[in-house]
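User: I am new to this structure and should like to learn how its strands and charged side chains are read. Could you guide me through them?

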Amino acid sequence: MSEAVPTPQAENPDDGEVLHYPRDGGNEGPIVIANEFVDVVVRKVETRNGMRLEIYSPRRNACVRFDAVALDCLSYQEPEFITSLLARNPGP
């Protein structure tokens, strides 16, 4: 018995807009970063509080948005910090 593989989609959580999963990595749309383990969709989003970088995981159906301060904070973290994040169990 085989299950149909769902088509990955990116959704804007603010207005429920469903986007087609980008395949070409073009300059106008979202960027997909993927390897054999995971894929994420990254895009720039304008919110009422300013510009954010949105990271969406279709596999986990999880989304997070970072402002410039949060991104700057990530830029100077030690590699060990990222390793500790990877060791965490994200849950179901």
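Analyst: The discussion below turns first to strand pairing and then to salt bridges. Please note that this is a predicted model.

User: In which sense do strands E3 and E4 pair, and over how many bridges?

Analyst: E3 (residues 31-34) pairs with E4 (residues 39-47) in the antiparallel sense, over four bridges. Within this pairing, Val32 is placed opposite Val41 of E4. The two strands form a hairpin, with four residues between E3 and E4.

User: How many bridges join E4 to strand E5?

Analyst: There are seven bridges between E4 and E5 (residues 50-57), and these strands run antiparallel. Here Val45 lies opposite Arg52 in E5. Two residues connect E4 to E5 in a hairpin.

User: With which residue does Arg43 form a salt bridge?

Analyst: Its partner is Glu54, and the closest N and O atoms are 2.8 Å apart. This contact links distant parts of the chain, since Arg43 belongs to strand E4 and Glu54 to strand E5, eleven residues apart.

User: Are these two residues buried or exposed?

Analyst: Buried means under 20% relative accessible area. Arg43 is therefore buried at 15%, and Glu54 is likewise buried at 3%.

User: Which side chain meets Glu54 in the other salt bridge?

Analyst: The side chain of Arg65 meets Glu54, with an N to O distance of 2.8 Å. Arg65 lies in strand E6 (residues 62-66) and Glu54 in strand E5, eleven residues apart. Arg65 counts as partly exposed, because its relative accessibility is 23%. The count of salt bridges comes to two, and Arg43, Glu54 and Arg65 are linked in a network.

Definitions and conventions:
Residues numbered from 1 in each chain as written. Predicted model: local features only at pLDDT ≥ 70, side-chain atom pairs only at ≥ 80, totals over all residues. Heavy atoms only, no water. Pairing = 2+ DSSP bridges. Salt bridge = Lys/Arg side-chain N within 4 Å of Asp/Glu carboxyl O. Buried < 20%, exposed > 50% of the residue type's maximum accessible area, 1.4 Å probe, protein only.
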